[in-house]
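This report describes selected features of one protein model for a reader who has not seen it before. The sequence and structure come first, and the notes follow.

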Amino acid sequence: MFSGTVPRGKDEKEDYLLGQHLLNDPKNRQEHDFVVQMIREAVEACCYNIDIPSAPVVYPLKNLQHLYTPVTATLESGYTLLDVVERLHPTPALGGMPQKQSVDYIRKNETLNRGWYAGPVGWFDGHNNGEFAVAIRSALLQGMKPLYLLDVASLRILILRQNTKKLQ
Ligand SMILES: C=C(O[C@H]1C=CC=C(C(=O)O)[C@@H]1O)C(=O)O
């Protein structure tokens, strides 16, 4: 799970300092922890063998660095991948918290229409194989003309495969 962002530095030293600043920034750490705790509660309802590190690490991408906490768990029998997706989306990183009140508040008060801002996208089969990601800041194109264009990025929140039965 990714939440908390800084840019990459222009050289190795600046890159490291930015990453360390992110890692030690109380606001980003608290927000990250809100998401981790929500994910913990969501997977506890349908998984066991839940493994969540006590602290995030800095995860560098091409232009950004994020705080990253990998979450792994095994799905209880009787549940499907969609049960997990339903419980996880939207995390506080996307919809705020408490979930219902903040999503209601955003819908009521935000003047911008987010359109297809965020949603789980993926696949599953009848054997509980599958993989889902949260697509965020998506564009809806009609021809080549954007109807909604916020930016394009994606955030992978979970993977489930029958051979490992792991959720990440
Ligand atoms: C919700 C967004 O980003 C999420 C994904 C990566 C880092 C995030 C952050 O820095 O908080 C967000 O959780 C967004 O860009 O609209």
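What span should the 19 residues of helix α2 have at 1.5 Å a residue, and how far apart are its end C-alpha atoms? Helix α2 covers residues 26–44 and should span 27 Å; its end C-alpha atoms lie 26 Å apart, which agrees. The expected span is 1.5 Å times one less than the number of residues. Helices (H or I, at least four residues) and strands (E, at least two) are DSSP runs, numbered from the N terminus.

The model is predicted: local features need pLDDT of at least 70, side-chain atom pairs count only at pLDDT 80 or more, and totals for chains, interfaces and linings use all residues. Residues are numbered from 1 along each chain as its sequence is written, and side-chain values use heavy atoms, with hydrogens and water left out.

**Helix α2**

The buried residues of α2 (buried means under 20% relative accessible area, exposed over 50%, partly exposed in between, with a 1.4 Å probe and protein chains only) are N28, H32, V35, V36, M38, I39, A42 and V43. Seen down the axis of α2, these buried residues fall within an arc of 160°, so they line one face of the helix. The arc is taken from the directions from the helix axis to the C-beta atoms. On the face turned away from the buried side, α2 carries the exposed residues P26, K27 and E41.

**Strands**

Strand β3 (residues 57–60) pairs with strand β4 (residues 64–68) in the antiparallel sense, over four bridges. Two strands pair if DSSP finds at least two bridges between them. The two strands, β3 and β4, form a hairpin with three residues between them. Y59 stands opposite H66 in β4.

**Backbone angles**

Most residues other than glycine have a negative phi, and most peptide bonds are trans. The table lists two cis peptide bonds.

| Cis peptide bond | Omega | Place of the proline |
|---|---|---|
| H89 and P90 | about -5° | P90: loop between α3 (81–88) and α4 |
| M97 and P98 | about -5° | P98: loop between α4 and α5 |

N49, a residue other than glycine, has a positive phi near 55°. N49 is in strand β2 (residues 47–51).
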